[in-house]
Amino acid sequence: MTTHKTRIAVFCSGNGSNFKALFEAIRNKQLPAEIVLCLSNRARCGAMEFAEQNGITTLHITEKQFASFDEFADAMVEGVKKHQTDIILLAGYMRKVPDAVVAAFPDKMLNIHPALLPKFGGEGMYGVHVHTAVLEAGESETGATVHFVNEEYDKGEILLQRTVPVLPDDTAETLAARVLVCEHALYPDALEKLLALQRS
Ligand code: GRF
């Protein structure tokens, strides 16, 4: 019997190290899933290059290519649905996903955030800003969170979370690097959890 492989679209804007970790985990753990699309607002970035090198279809799409935001959102839904996408994984996608896309994939879109949500989330909390805020707040631990995406920034239900220690001599950069290592294990584990939930 052949099991249907869950078809994944990954949305990225940058290096794509989480995308790479997901791609490798699917292969190494033989998860019943495949990445069928890499969507990005940037034509050239680490994620898009990795997709091209690994035979994954890429879609470069930005608001600027369309006359209105609604047209952009509709094209995004269409571009993702065209690949019979079952779930969307946001991996360093630095734009707010249009509500129309969120509505088209209810409970089927995850995001990874480099902190222990609900702390240090929301608008403006991305990249180094998150880790700077964690250090300024004097936290002794931080971490990473994988959560479902809804219309509000970083507010969807949490699927999986893991802690990372903050060390006395940490800078935002050293902390970011430690959290990123955690993310690379956490996101594949969260994907595995979602696949199991969908099959139960
Ligand atoms: C990660 O820290 C992720 O949590 C955040 O953006 C960063 C993306 O890094 N949303 P990469 O592109 O996966 O290397």
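**A walk through the structure**

Let's start with one residue: E52 is partly exposed, with a relative accessible area of 42%. Its partner in a salt bridge is R44, and the closest N and O atoms of the two are 3.3 Å apart. R44 is partly exposed as well, at a relative accessible area of 48%. Keep in mind as you look around that this is a predicted model.

Why would two such residues pair up? Side chains of opposite charge can pair when their charged atoms come close. The structure holds ten salt bridges, and K29 is a good place to meet some others. D189 forms a salt bridge with K29, with 2.9 Å between the closest N and O atoms. Because D189 lies in helix α6 and K29 in the loop between α1 and β2, this pair ties together parts that are 160 residues apart in sequence. K29 is partly exposed, with a relative accessible area of 38%, and D189 is partly exposed too, at 25%.

K29 also meets the side chain of E192 in a salt bridge, at 3.2 Å from N to O. E192 lies in helix α6, so here the link ties together parts that are 163 residues apart in sequence. E192 is partly exposed, with a relative accessible area of 35%.

Now turn to strand β5, which covers residues 109–113. Is it mostly covered or mostly open? Mostly covered: five of its five residues are buried. In a regular strand the side chains alternate between the two faces of the sheet. In β5, M109, N111 and H113 point one way, while L110 and I112 point the other way.

Which strands lie beside β5? Strand β4 (residues 87–90) runs parallel to β5 and is joined to it by three bridges, with L89 standing opposite L110. Between these two strands the chain passes through helix α4 (residues 99–104), making a right-handed β-α-β crossover. Strand β6 (residues 141–148) pairs with β5 in the antiparallel sense over four bridges, and there H113 stands opposite T145.

Strand β5 also leads us to the largest pocket, whose volume is about 940 Å³. Among its 42 lining residues, the closest to the centre are G92, Y93, M94, I112 and Y126. Helix α6 gives the largest share of the lining, four residues. By class, the lining has 17 nonpolar, 16 polar and nine charged residues.

The second largest pocket holds about 160 Å³ of space. Its lining includes Y93, R95 and K96, and divides into five nonpolar, two polar and four charged residues.

How values were computed: Residues are numbered from 1 along each chain as its sequence is written. This is a predicted model: local features need pLDDT of at least 70, side-chain atom pairs count only at pLDDT 80 or more; totals for chains, interfaces and linings use all residues. Side-chain values use heavy atoms; hydrogens and water are left out. Buried means under 20% relative accessible area, exposed over 50%, partly exposed in between (1.4 Å probe, protein chains only). Two strands pair if DSSP finds at least two bridges between them. A crossover is right-handed if, with the strands pointing away from the viewer, the path from the first strand over the helix to the second runs clockwise. On a 1 Å grid over the protein atoms alone, a cavity is a set of points where a 1.4 Å probe fits but cannot get out, and a pocket is an open set with protein on both sides within 12 Å along at least five of seven lines; lining residues have an atom within 4 Å of a point. Grid points are joined across faces, edges and corners, and a volume is the space filled by probe spheres set on the points. Ala, Val, Leu, Ile, Met, Phe, Trp, Tyr, Cys and Pro count as nonpolar, Asp, Glu, Lys and Arg as charged, and the others, Gly among them, as polar. A salt bridge is a side-chain nitrogen of Lys or Arg within 4 Å of a carboxyl oxygen of Asp or Glu.
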